[in-house]
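Dear colleague,

I am passing on the structure we spoke of, and below it you will find notes on its cysteines and on one of its helices. Please read them with the model open beside you.

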Amino acid sequence: MTTRTDHAAPTAPSKIPARRQCPACLRPQRTCICRWVTVISPQVEVLVLQHPLEVANAKGSARLLHLCLAGSRLEVGETFAPDRLGALLSDDRHNVLLYPETAEEKSLGVATPPAFDPAWLAAPQRLRLVVLDGTWRKSRKMLYLNPLLQALPRLPLTDTPPSHYLIRKAHLPDQLSTLEATAYALSQLEHAPERYKPLIDAFDGFVAQQAGYAAERRN
């Protein structure tokens, strides 16, 4: 990647103080979410592919998810170079995409994914869960633009509770935040329904904090 630097005439120093940013959650110190970080070490490795427009979204949950899951990886992009994505999806683990199969995929030319092998559940430490972080439209475009993702077996979530994501509008009643969907997927893959409850509790705190800021702005 190359970076272009434009040189301009010097300007007078700004009198507006720069907002201090938390180096961990990358948010302004005033809205830091690190208080909600609860570190959990999953057996399944987690790779989050985040759409660029989600990075600065204050309501997004992917950064909190990444900070909570030891050994997880968070990569930003919409279209990934095949060699880079291939390296992220190395064959040292079985890769599973957390994404539902939808009727409109065939009209978009998205390849039919291979079947998930139930035998993989016997060794969750050999699995890598690939998560797309973005709105439904953004994540669908990421899938369309990256054929390597289309070649991954999918994990369908089962028996998930209603979403706690009260600060962001869902287009469908069963849509979950990135953090919630990942927590429930890990519980399912590891046969551990209670292990990731602290992650959902952390998410509830984050949602309450964001709702409080929204109420302040309205008032």
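Cysteine 34 is partly exposed, its relative accessible area being 24%, and in this model, which is a predicted one, cysteine 34 takes part in no disulfide. The cysteine sulfur nearest to that of cysteine 34 belongs to cysteine 22 and lies 3.6 Å away; because a disulfide is counted only where two cysteine sulfur atoms are within 2.5 Å, that separation does not qualify. Cysteine 68, by contrast, counts as buried, with a relative accessibility of 0%. Cysteine 68 is likewise in no disulfide, and the nearest cysteine sulfur to its own, that of cysteine 34, is 9.7 Å away. For the structure as a whole, the number of disulfides is 0.

The other part of these notes concerns helix α4, which runs over residues 136-145 and whose buried residues are Lys138, Ser139, Met142 and Leu143. When the helix is viewed down its axis, these buried residues fall within an arc of 140°, and they therefore line one face of α4. As general background, an α-helix has 3.6 residues a turn, so residues three or four places apart point the same way.

Lysine 138, which is found in helix α4, may be worth a look in your viewer. Its side chain is joined to that of glutamate 54 by a polar contact of 3.2 Å, and, if neighbours within four places in sequence are set aside, lysine 138 is in contact with His51, Leu53 and Glu54.

With best wishes

Technical notes. Residues are numbered from 1 along each chain as its sequence is written. This is a predicted model: local features need pLDDT of at least 70, side-chain atom pairs count only at pLDDT 80 or more; totals for chains, interfaces and linings use all residues. Side-chain values use heavy atoms; hydrogens and water are left out. Buried means under 20% relative accessible area, exposed over 50%, partly exposed in between (1.4 Å probe, protein chains only). Helices (H or I, at least four residues) and strands (E, at least two) are DSSP runs, numbered from the N terminus. The arc is that of the directions from the helix axis to the C-beta atoms. A polar contact is a pair of N or O atoms within 3.5 Å; within protein, one must be able to donate a hydrogen and the other to accept it, and residues adjacent in sequence count only if both atoms are side-chain atoms. Contact means heavy atoms within 4.5 Å.
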